[in-house]
Amino acid sequence: MQGRPFTAAVLTYEDAEWRHGVVRIERDGTFVLRDLPPGRVALEARLRGAPAGAASARLVAATGARDVVLTLDPGRALPIRIANWPANEDSGEAVLWPDGDPAADPAAVAMELVDLEGKLVFRGLRFGVAYTFGVLPVGDLSLLRAGLRAGEGEVTVRLVPGKSIRGKLTIPEGVDGVV
């Protein structure tokens with residue numbers, strides 16, 4: 001399948017000796033990997049800025065292969081508007097991950113900044129996957145909402161008053177050498 005050249009992506013590889021790297025993509029969409037050991041090389045392209053596990057193109061090629069083409073579906077966008085974003089708030093942080101436990105795959109968590117108007121867009125998301133959206137606390141307000149899907153237009157949400165936990169983090173007495 002031929003398409004038009006695309007450069008707003010990150011192209012990574014893993015060679016037969018388990019070496020990893022990032023490959024430069026030229027303006028015309030071409031790339032070259034040099035000094036590879038004999039064997040197979042796994043290539044993966046994904047939209048620049050998209051979380052791990054987002055829409056990607058994968059291919060395994062033998063060293064020395066020519067005219068290798070990866071066709072990347074750049075995924076879907078999920079625009080979000082926080083209807084009651086505080087006017088005095090410069091920006092905030094929001095996170096998104098596939099529904100389920102974010103600790104199961106920390107690399108799948110995407111982070112974006114909320115703009116002054118309470119808007120943000122997550123890009124490179126997989127079609128048909130449900131995501132959980134969270135906003136780090138803004139004063140006493142926060143948000144956690146599951147079941148959002150990319151590609152279905154702008155989603156409007158509201159911050160809600162939250163309850164807090166206060167505490168203190170310590171290390172045991174006598175522990176030395178910790179920065």
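A salt bridge is a side-chain nitrogen of Lys or Arg within 4 Å of a carboxyl oxygen of Asp or Glu. With that in mind, Arg81 and Glu154 are a good place to start: their side chains meet in a salt bridge, with 3.7 Å from N to O. The two residues link distant parts of the chain, 73 residues apart: Arg81 belongs to strand β5 (residues 76-82), while Glu154 sits in the loop between β10 (141-149) and β11 (155-157). Please keep in mind throughout that this is a predicted model.

## The protein as a whole

Let us step back and look at the overall build. The protein has zero helices and 12 strands, so reading from the N terminus on gives β-β-β-β-β-β-β-β-β-β-β-β. Its radius of gyration is 21 Å, well over the 16 Å that the globule rule gives for 179 residues, which means that the protein is more spread out than a compact globule. Along the principal axes, the C-alpha atoms fill a box of roughly 60 × 55 × 30 Å. Of the 179 residues, 28% count as buried.

## The start of the chain

Strands β1 and β2 form a hairpin with five residues between them. Trp18, in the turn, has a positive phi of about 60°. Strand β1 (residues 9-14) and β2 run antiparallel and are joined by four bridges. One place to look is Glu14, whose bridge partner in β2 is His20.

Which side chains of strand β2 (residues 20-23) point to the buried face? They are Gly21 and Val23, while His20 and Val22 point to the other face and are not buried. The side chains thus alternate along this strand.

## Two open sheets

Strands of a sheet pair through backbone hydrogen bonds, either parallel or antiparallel. One open sheet has three strands in the order β8-β5-β11, with mixed pairing. Its edges are β8 (119-125) and β11; each has a single partner strand, so one side of each is left without a neighbour in the sheet. On average, neighbouring strands of this sheet are turned by 25° against each other, direction ignored. Strands β5 and β11 run parallel, joined by three bridges. Here you can find Ile80 standing opposite Val155 in β11.

Another open sheet holds five strands in the order β7-β6-β9-β10-β12, and its pairing is antiparallel. The edge strands β7 (110-114) and β12 each pair on one side only. Five bridges join strand β6 (residues 92-98) to β7, and these two run antiparallel. To spot the pairing in the model, look for Gly92, which stands opposite Val114 in β7.

## Charged pairs

Side chains of opposite charge can pair when their charged atoms come close. How many salt bridges does a search of the whole structure find? The search finds five, and the table shows some of them.

| Pair | N to O distance |
|---|---|
| Asp15 and Arg19 | 2.7 Å |
| Arg58 and Glu44 | 3.1 Å |
| Arg81 and Glu154 | 3.7 Å |

The Arg58 and Glu44 pair links distant parts of the chain, 14 residues apart: Arg58 is in strand β4 (residues 56-62) and Glu44 in strand β3 (residues 40-47).

How covered are these residues? Asp15 counts as buried because its relative accessibility is 3%, under the 20% cut-off. Its partner Arg19 is partly exposed, with a relative accessible area of 38%. Arg58 has a relative accessible area of 61% and is exposed, whereas Glu44 counts as partly exposed at 22% relative accessibility. In the pair we began with, Arg81 is partly exposed with a relative accessible area of 28%, and Glu154 is partly exposed with 45%.

## A nonpolar patch on the surface

Finally, have a look towards the end of the numbering. Which residues make a nonpolar surface patch of about 260 Å²? They are Ile171, Val175 and Val178. Of these, Val178 lies in the segment after β12 (160-161). Val178 counts as exposed because its relative accessible area is 55%, and exposed means over 50%.

Key
Residues are numbered from 1 along each chain as its sequence is written. This is a predicted model: local features need pLDDT of at least 70, side-chain atom pairs count only at pLDDT 80 or more; totals for chains, interfaces and linings use all residues. Side-chain values use heavy atoms; hydrogens and water are left out. Patches are made of residues with over 30% relative accessible area and no salt bridge: like charges are joined within 9 Å, nonpolar side chains (Val, Leu, Ile, Met, Phe, Trp, Tyr) within 5 Å. Accessible areas come from the Shrake-Rupley method with a 1.4 Å probe; for residues, only the protein chains shown count as cover. Buried means under 20% relative accessible area, exposed over 50%, partly exposed in between (1.4 Å probe, protein chains only). Two strands pair if DSSP finds at least two bridges between them. Axes are lines fitted to C-alpha atoms, for helices over the stretch in contact, and angles run from 0 to 180 degrees between N-to-C directions. The radius of gyration is taken over C-alpha atoms; the globule rule is 2.2 Å times the number of residues to the power 0.38.
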